[in-house]
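This report goes through a two-chain structure, beginning with one helix and then turning to strands, sheets and cores. The sequence and structure come first.

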Amino acid sequence: MSEEDFQPGGDRFPLTRRSVIEAVRSIDVEERERALETLCAAYWRPVYKYVRLCWKRPPDAAQDLTQGFFLELLERELFDKFDSKKSRLRTYLRVCVDSFVMNEDKAGRRQKRGGNALHVALDFAGAEEELGATAMDAALIPSPESLEEFFEKEWVRSLFALAVGDLRELCAARQRERTFHLFESYDLEGSETISYQQLSKEYGISVADVTNALAWARREFRRIALERLRELCGSEEEFQREARAAFGWDAK
Amino acid sequence: MKFLSDKALERLRDGAETPDLAGTRYRLLERIARGGMGVVYTAEDENLQRRVALKVLNVPGTDGDLANRLTREARVLAALEHPGIVPVHDVGTLADGRVFYTMKFVVGKPLDKFIESVASVPDRLRVFLRICDAVAFAHARGVLHRDLKPANIMVGPFGEVLVMDWGLAKILREEVSRNRSEADPEATVFEKPKQANIASDATDISAVTGHGTVMGTPGYMSPEQARGEVEHLDARSDIFSLGRLLRFLLTGKPEVASIPGGRRLDKSLAAICAKSTAAAPAERYPNVQEMALDVSRYLDGLAVGAHRESIFEKAGRFYRRYRFFILLIAAYLAMRVLILLFMHR
C-alpha cells in the first residue's frame, strides 16, 4: 500500500480533496449523511465542550443539545446558507450552535434524542473526562474573542486527535507500529526531559533510527491533518487560513 | 480517540512544523524567528560547511503550482544582488511539499536594537539612506518588499545595513533574470517564464498573498495594503513603510511626530515623513530615489522638496549650514568694531 493509497477514515468516508461542504449539499442522501458524519466526527467534541462550558449546561442537557444540533444542521439544510467567502466554517458552526441553544431555550424544548441517529459514536463520557483535564476555566471565557478562542482550541484538539488516529491506522497498515509508539512516547506523552537517546535505549535502536522514525511520523501526521482539514473547508482560501490557525503559524 | 493535552498539541505543532531535511545538504540547527510567511532556522550547509539561514514557507499542502510559484519567487529574490539585500543561496522543496530557501546567515542587530546605541539624527538618517538604496534597487528590478519594519532591517558589526525577509515580496515584473544574464554572461540563467506568464505574474504571486488577504505589519503597512488591495500595490506602498520607518528612526515610534522629551520633529523631516506616509499614494513620493534625495538634502543643509520654507526658516537653515563662516565673519566684524572704538578713545 503506497502513501497515496492510504485514505484515513477507512471505508466510511474516502478522504479526498472534495469538501464536505459540497458533499453535505449533495442531492445524494447517502453522500450527505456521510459528509455530516465526517463533520460530526471533527466537530462534536468542540460543540459539546462549548455547550458545557460556555453555555454552562449540565452533561445530559449538553449531550442532548449536541446531538440535536447536528441533526438540525442536516434537517434545516443550514449548510446552504454557509458562504466560505464570508466566514470560516468553524465560526459559522459556533454561531449556529449559539442560535440553536437560544432557540431551544426559547421554545423550552428538551427532547431526548436517540444516540444512534447520527451513526457516529459520541463518547460523551470521554469528553467529560477531557473537560476535567482541560485547564480552561469557564469563568475566563466571557468575551466573544475568548469564546472563539476556546472553540478554536477544542476544534484543533479534535482535528489533531483524528489525525493521530489516522496515523495509528497508517502505521498499523504498514507494519510500523514501533514508529507510532515512538511518536506517541515523544510527541504525545513525552515529558520535557525525554530524549532521542533515551528512546533509542528503550527500543534498542540507534538514535538515527529514532530521528528518522519521528521525522516520518511527523511528516505523515502533518499530511493527514492537512488532508482532513482541507476536507473540512469550503474553499482553498479558508483552508489556508485554517491551516495557519491549526498549526499556529500566525503565532509570533 | 486519544485525548491530547495542551502540551501534546504544542509538541504536535512544533513537530509538524520542523522541516525534515533528509535528502538535502543541510543539517537543522535551531529555530531563530517566525514570520507571517514562514519560519527561519539556522542550518549547516554540510557541503560548504557554513552556517546559513533556512526559511521554510508556511504554505500547506503539496500543490505543485504553488510550490513552483514560490520557487520562482525565491529565484527572483536570489537574483537581487545588492550589498543591502540578504543573498539567497539555494531553493528547494521538502518531502512534505513545503518550499524552503537558504540565505546568508546575518550576524547583527535588528534596527530597533541598533538605534538604541545611535543617538545622533544624522547617523540615523545615514542608516536610513542605505535602507533606501536597497529598496530602490529592488524596485528597479520590479520587486516590492511589502513588510519593511525595524525587525526586518539588520545592522551588521561593521555598519552594513541589510534588508531582510522578502517573504511577502511582490514581483511586479520578472526582469531580474533577464537583466542578470545581460549583465553577467557567466551567471546562471534561470528559466524565463513564457510571455503570458510575465503578464500574469503579479496575479500569480497574489495567489499566495491574494487580493483581499491582508499581510504585512500594522503601523508600517500602507492603507491600500491594509485594505488587501494586493493588485494595486506599487512602489509607493513601500514608500509609505519607509516613511513610517523614518519616523521610527527619529522618534522611536512609527506614528509619533515628536521626539522623546517632548521636542517637535524638525519641520523638514516631519514634512518628508508626512509626504511619504500620505493616505493617497498619488500624494507620496513617486519613487524611493526622490525620498532619499530629500533626506540627503536635509543632511546637506539644503531645502527639501517636501516642505516650503518661510523666510525665517530659510534664514535659520542658512545660518545652520554656514554657521562656522557666519560666526567667523561676526567675530571679525566684532573685533573691527572693538578696534575702532579703542582707536577713537
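Helix α2 of chain A covers residues 29-53, which is 25 residues. In this predicted model, the distance from its first C-alpha to its last is 34 Å, close to the 36 Å expected at 1.5 Å a residue. The helix has a kink of about 50° at A:Tyr43, shortly before the proline A:Pro46. Most of α2(A) is covered, with 19 of its 25 residues buried.

The rest of chain A is helical in its secondary structure too: the chain has 10 helices and 0 strands. Read from the N terminus on, its elements run α-α-α-α-α-α-α-α-α-α. Chain B has both kinds of element, with 13 helices and 10 strands. The table sets out burial and contacts for each chain.

| Chain | Residues | Buried | Share of contacts with a separation of 6 or more that join residues 24 or more positions apart |
|---|---|---|---|
| A | 252 residues | 40% | 70% |
| B | 345 residues | 37% | 60% |

**Strands of chain B**

Strands β1 (residues 26-34) and β2 (residues 38-45) of chain B run antiparallel and are joined by 7 bridges. Within this pairing, B:Glu30 has B:Thr42 of β2(B) as its bridge partner. Strand β2(B) also pairs with β3 (residues 50-57) of chain B, again in the antiparallel sense, over 8 bridges. Here B:Val40 is matched with B:Lys55 in β3(B). Strands β2(B) and β3(B) form a hairpin with 4 residues between them. What is the phi of B:Gln49 in the turn of this hairpin? The phi of B:Gln49 is positive, at about 50°.

Another part of chain B holds an open sheet of 3 strands in the order β6-β8-β9, with antiparallel pairing. Which strands form the edges of this sheet? They are β6 (109-110) and β9 (161-163) of chain B, each of which pairs on one side only. Between β6(B) and β8 (residues 153-155) of chain B there are 2 bridges, in the antiparallel sense. In this pair, B:Lys109 stands opposite B:Val155 of β8(B). Strands of a sheet pair through backbone hydrogen bonds, either parallel or antiparallel.

Helix α4 (residues 121-140) of chain B lies across β8 and β9 of chain B. The helix runs at about 40° to β9(B).

**Nonpolar cores**

In soluble globular proteins, nonpolar side chains tend to be buried together. The largest nonpolar core in the model has 69 residues. Those with the most contacts inside this core are B:Ile131, B:Cys132, B:Val135, B:Leu242, B:Val288 and B:Met291. Which helix gives the largest share of the core? Helix α9 (residues 235-251) of chain B does, with 9 residues.

B:Ile131 shows how parts of chain B meet. Leaving out residues up to four places away in sequence, B:Ile131 touches B:Ile153, B:Val161, B:Val163 and B:Leu245.

A second core, separate from the one just described, has 68 residues. Among them are A:Leu36, A:Tyr43, A:Phe100 and A:Phe151. A:Tyr43 is thus part of this second core and also the site of the kink in α2(A).

How values were computed. Residues are numbered from 1 along each chain as its sequence is written. Chains are lettered from A and ligands numbered from 1 in the order in which they are written. This is a predicted model: local features need pLDDT of at least 70, side-chain atom pairs count only at pLDDT 80 or more; totals for chains, interfaces and linings use all residues. The expected span of a helix is 1.5 Å times one less than its number of residues. The bend at a residue is the angle between axes fitted to the seven residues ending there and the seven starting there. A residue is buried if 20 or more other C-beta atoms lie within 10 Å of its own, exposed if 12 or fewer, and partly exposed in between; C-beta atoms are placed from the backbone. Two residues are in contact if their C-beta atoms, placed from the backbone, lie within 7 Å. Two strands pair if DSSP finds at least two bridges between them. Axes are lines fitted to C-alpha atoms, for helices over the stretch in contact, and angles run from 0 to 180 degrees between N-to-C directions. A nonpolar core is a set of buried Ala, Val, Leu, Ile, Met, Phe, Trp, Tyr and Cys residues joined through C-beta atoms within 7 Å.
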